Amino acid sequence: MERMMEPSLTDIDDMIVHEKMQAALEHQSEAWADGMADGIEPEIIADAAIALAMRETVRLHGEEGAEAMLNSLRERMLAGEFSPQRIIQ
């Protein structure tokens, strides 16, 4: 009988990061809904969220790290990752 492979530490770390990302997205969705319920336009909520994210990224990783993140986000956007019409298979 074949023994099932146990997940490696990298696999476990990846799963933890994925779960944290899911939790963070849920928090962000709740904050978005709260802002909308308060009558704040989606464009303003989005701008505020991006500004806060950039401030924190610059604080944590410096301007070069923030620029690298922006470049990565741009590539992901152009690849359609954030498109509402995107179908995940």
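What covers the buried residues of helix 2? Part of that cover is helix 1, residues 9–37. Keep in mind that this is a predicted model. The two things to look at here are the bend in helix 2 and the pocket that helix 1 and helix 2 both help to line.

**Helix 2 and its kink**
- Helix 2 takes in residues 42–78, and its end C-alpha atoms are only 22 Å apart.
- Laid out straight, a helix of 37 residues would span 54 Å, at 1.5 Å a residue.
- Look along helix 2 and you'll hit a kink of about 120 degrees, with His61 at its centre.
- Just past the end of helix 2 sits Gly80, which has a positive phi of about 90 degrees.

**What's tucked away**
- Four residues to find in helix 2 are Ile45, Met54, Thr57 and Ala66, and they are buried.
- Helix 1 is part of what covers the buried residues of helix 2.

**The largest pocket**
- The largest pocket holds about 890 Å³ of space.
- Its lining is made up of 22 residues.
- If you want to find the middle of this pocket, go to Leu25, Gln28, Ala49, Ile50 and Ala53, the lining residues nearest its centre.
- Helix 2 gives the largest share of the lining, with 13 residues.
- Helix 1 chips in too: helix 1 and helix 2 each supply at least two lining residues.
- By chemistry, the lining of the largest pocket splits into 16 nonpolar, three polar and three charged residues.

Technical notes. Residues numbered from 1 in each chain as written. Predicted model: local features only at pLDDT ≥ 70, side-chain atom pairs only at ≥ 80, totals over all residues. Heavy atoms only, no water. Expected span 1.5 Å × (residues − 1). Bend = angle between axes of the 7 residues up to and from the residue. Buried < 20%, exposed > 50% of the residue type's maximum accessible area, 1.4 Å probe, protein only. Contact = heavy atoms within 4.5 Å. 1 Å grid on protein atoms, 1.4 Å probe; cavity = no way out; pocket = protein on both sides within 12 Å on 5 of 7 lines; lining within 4 Å. Points joined across faces, edges and corners; volume = space filled by probe spheres on them. Nonpolar A, V, L, I, M, F, W, Y, C, P; charged D, E, K, R; others polar.
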